[in-house]
Structures are given as C-alpha cells and as structure tokens.
Amino acid sequence: MFRPIRKKKNELSMDLAKELLRSCRRGIIAMNGEDGYPYAVPINYYYDEENNRILFHGAKAGYKVDSLKKCDKICFTVYGNESIKKENWAPFVQSTVVFGRCHLIEDREETIKLVRTFAMKYYPSEELVEAEVKESGKSVQMFEIEIEHISGKEVQEI
C-alpha cells in the first residue's frame, strides 16, 4: 500500500528513522483540507514507540480538527541531522515520513495523563509540567496518530 523508497542508497535503516522521530522536537503534519487542498502545519509531538503512535496537542476546535474529523489519514514528517560529508557546501539531511490515522483522544483522564507524558519532552521539570496542567489541562485536546508506515532517507541538498 505504501511506496518503498525509490533510491535504496538514500534509505535509512528503521532504527535511524525511528531515532530521528525520537530526537526531533517539531514535525509537519499534513492532512486533507477543504476543497481538495492539502493542509500542513508544524507541531510539537511525542513519539510513543512502545505503542506505535505519535501524540500531539492542540485546540478543541478549528481547521485541523475539522479536517481530521472528515478524513483521518495523515502524513507526518520530521527532518534534521544536517551534515557535511564530501563537499563543504552541500549538506546531507535526514528525514522520516510517517503515514497513519489521526484521531482526537476524547477521554479526559487519558488526555491529562498524555499531556504530562508529552510535556516532559519539552519542559525542564515535573513541577513546571504540573503547573501547566493545572492552568491549561482542561482546555487542551490531545491527538493520536496511529502509525501505519515509517520510512526514512538521507539526501544531499544540492
């Protein structure tokens, strides 16, 4: 169902593709928008490797929520690890692309639990996480991307 990487020499191992998911702080989620136009936005996220999913938060209403309710199929991309290898002007960059289905997490207790897990990736202490949960926890919406396919590649940006 999902196309393989066309240039095998550029393909990252699954371990490297997942490492990029673990280490990056932001990614781009793309979904089907209105009138057939794609809609892609940067998000902070948490890669839950154990449960094969990506978590992120957002508002309870808006274009993203409306789009995901109409069609849950998404593409999520992260990129980084830029490096110079041969020439001193043409960097190599790695990327990981995830295909999956995204849905809103409706259970409030589960949402608060996931907010805490998510926030620990970005906040320096549990105390700050708890303060944020206390202040904003009631208004946050958590989303879950159920991963169906992961691929990674490294290309030279020329």
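**Entry 1: a bridge to start from**

I began with C75, and its bridge partner in β6 turns out to be F99. A note to myself before going on: this is a predicted model. I then looked at what else C75 faces, and found A30 standing opposite C75 in β5. So I have C75 down with A30 opposite and with F99 as its bridge partner in β6.

**Entry 2: the strands around β5**

Next I looked up how the strands themselves pair. Strand β1, residues 26-32, runs antiparallel to β5, and the two share 4 bridges. On to β6: β5 and β6 are also antiparallel, with 9 bridges joining them. I picked out another position here, and V78 stands opposite T96 in β6.

**Entry 3: the whole sheet**

In what order do the strands of the open sheet come? I read it off as β2-β1-β5-β6-β7-β4-β3, which makes 7 strands with antiparallel pairing. The edges are β2 and β3; each has a single partner strand, so one side of each has no neighbour in the sheet. I also noted the twist, which averages 30° from one strand to the next.

**Entry 4: aromatic pairs**

I went back to F99 with its ring in mind. My count of aromatic pairs for the model is 5. One of them is F2 with F99, a stacked pair with 5.2 Å from centre to centre and 25° between the planes. Where do F2 and F99 sit along the chain? F2 is in the segment before α1 (14-23), while F99 is in strand β6 (residues 92-104), and 97 residues separate them, so I wrote this pair down as a link between distant parts of the chain. I checked exposure too: F2 is partly exposed at a relative accessible area of 27%, and F99 is partly exposed at 30%.

Then I turned to Y45 and F76. Their ring centres are 5.0 Å apart and the planes meet at 70°, so I put this pair down as edge-to-face. Y45 belongs to the loop between β2 (38-44) and β3 (46-48), and F76 to strand β5 (residues 73-83), so the pair ties together parts 31 residues apart in sequence. Buried or exposed, I asked of Y45? Y45 is buried, with a relative accessible area of 0%. F76 is buried as well, its value being 0%.

**Entry 5: charges over rings**

I stayed with Y45 for another look. The charged end of K121 sits over the Y45 ring, 3.8 Å from the centre. I found K64 over the face of F143, at 5.7 Å from the ring centre.

**Entry 6: E154**

My last stop was E154, which lies in strand β7 (residues 141-156). Why does E154 count as buried? Its relative accessibility is 17%, and the cut-off for buried is under 20%. Which residues does E154 touch, leaving out those up to four places away in sequence? I listed N10, L12, K85, F92, V93 and Q94. Q94 got an extra remark, as its side chain joins that of E154 in a polar contact of 3.5 Å.

Conventions:
Residues numbered from 1 in each chain as written. Predicted model: local features only at pLDDT ≥ 70, side-chain atom pairs only at ≥ 80, totals over all residues. Heavy atoms only, no water. Phe/Tyr/Trp six-rings, centres within 6.5 Å; stacked < 30°, edge-to-face > 60°. Buried < 20%, exposed > 50% of the residue type's maximum accessible area, 1.4 Å probe, protein only. Lys NZ or Arg CZ within 6 Å of the ring centre and 35° of its normal. Pairing = 2+ DSSP bridges. Axes fitted to C-alpha atoms, helices over the stretch in contact; angles between N-to-C directions. Polar contact = N/O pair within 3.5 Å; in protein donor to acceptor, adjacent residues only side chain to side chain. Contact = heavy atoms within 4.5 Å.
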